[in-house]
Amino acid sequence: MFYHFIVSIGTTIIITQSFLFEEIRNRISSNSNFFGELINCPMCLGLWVGLFYGLFYNCEILPLALGSSLFSWLISAIGNLIVVMGYYYDNGDEIEQEK
């Protein structure tokens, strides 16, 4: 179950945030608001990826789907926070001078 959980989270992060799927995400977003939001949201897509993996590998579906959703969102939020903090600390003086 743990490995399915990790694979589900990894798959979600790769689809929602990687450069590999950027063109596909942009194309889907331009064609459909609903699916565009789904494929760009780690929490939303994590639920569906967890459900798919749970059904495909015949393991506990609901804990895998909910856990995948929660931890995909958490990892995404922490990663984005680190990127924003890095940008701020690299360009903080320039940002303060613009005000």
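**Surface, fold and selected contacts of the chain**

The chain exposes about 7,200 Å², and carbon and sulfur atoms supply 67% of this area. The model is predicted. Of the 99 residues of the chain, 28% count as buried.

The secondary structure comes to 5 helices and 0 strands. Read from the N terminus on, the elements run α-α-α-α-α. The radius of gyration is 16 Å, well over the 13 Å that the globule rule gives for 99 residues, so the chain is more spread out than a compact globule. Taken along the principal axes, the box filled by the C-alpha atoms is roughly 55 × 35 × 20 Å. Among contacts between residues at least 6 apart in sequence, 56% join residues at least 24 apart.

The largest nonpolar core has 10 residues in all: Phe 5, Ile 9, Ile 15, Leu 38, Ile 39, Leu 45, Val 49, Tyr 53, Cys 59 and Leu 64. Two or more residues of this core come from each of helix H1 (2-17), helix H3 (33-40) and helix H4 (42-56). In soluble globular proteins, nonpolar side chains tend to be buried together. Within the core, Leu 64 touches Phe 5, Tyr 53 and Cys 59. Other contacts of Leu 64 include Met 1, His 4, Ser 8, Gly 50 and Gly 54, residues up to four places away in sequence not being counted.

A search of the whole structure finds 7 aromatic pairs. One of them is formed by Phe 5 and Phe 71, with 5.5 Å centre to centre and 85 degrees between the planes, and is edge-to-face. Phe 5 lies in helix H1 and Phe 71 in helix H5, so the pair ties together parts that are 66 residues apart in sequence. The two partners fall into separate accessibility classes: Phe 5 counts as buried because its relative accessibility of 18% is under the 20% limit, whereas Phe 71, at 36%, counts as partly exposed. The rings of Phe 56 and Tyr 57 have their centres 5.0 Å apart and their planes at 85 degrees, so this pair is edge-to-face. Phe 56 is exposed, with a relative accessible area of 56%, and Tyr 57 is partly exposed, with 40%. Phe 56 and Tyr 57 also belong to one aromatic cluster with Phe 52 and Tyr 53. Tyr 53 is in addition a member of the largest nonpolar core.

The loop between H4 and H5 contains Asn 58. This residue has a positive phi of about 55 degrees although it is not a glycine. Asn 58 has a relative accessibility of 70%, over the 50% limit, and therefore counts as exposed.

Helix H5 (residues 61-98) contains Ser 76. Ser 76 is buried, with a relative accessible area of 6%. The side chain of Ser 76 is joined to that of Gln 17 by a polar contact of 2.3 Å. With residues up to four places away in sequence left out, Ser 76 touches Ile 13, Gln 17 and Pro 42.

Pro 42 lies in helix H4 and counts as buried at 10% relative accessibility. The contacts of Pro 42, again without residues up to four places away in sequence, are with Thr 12, Thr 16, Gln 17, Ser 69, Ser 72, Trp 73 and Ser 76. Gln 17 is thus touched by both Ser 76 and Pro 42. The C-alpha atoms of Pro 42 and Thr 11, which are 31 residues apart along the chain, are separated by 9.9 Å.

Ile 75 is also placed in helix H5. At 43% relative accessibility, Ile 75 counts as partly exposed, whereas Ser 76 is buried. Ile 75 touches Ile 9 and Ile 13, residues up to four places away in sequence not being counted. Of these contacts, Ile 9 belongs to the largest nonpolar core, and Ile 13 is also touched by Ser 76. The C-alpha atoms of Ile 75 and Tyr 88 are separated by 20 Å, with the two residues 13 apart along the chain.

Notes
Residues numbered from 1 in each chain as written. Predicted model: local features only at pLDDT ≥ 70, side-chain atom pairs only at ≥ 80, totals over all residues. Heavy atoms only, no water. Helix = DSSP H or I, 4+ residues; strand = E, 2+ residues; numbered from the N terminus. Buried < 20%, exposed > 50% of the residue type's maximum accessible area, 1.4 Å probe, protein only. Polar contact = N/O pair within 3.5 Å; in protein donor to acceptor, adjacent residues only side chain to side chain. Contact = heavy atoms within 4.5 Å. Rg over C-alpha atoms; globule rule 2.2 N^0.38 Å. Areas by Shrake-Rupley, 256 points an atom, 1.4 Å probe, with all protein chains shown as cover. Core = buried A, V, L, I, M, F, W, Y, C linked by side-chain atoms within 4.5 Å. Phe/Tyr/Trp six-rings, centres within 6.5 Å; stacked < 30°, edge-to-face > 60°.
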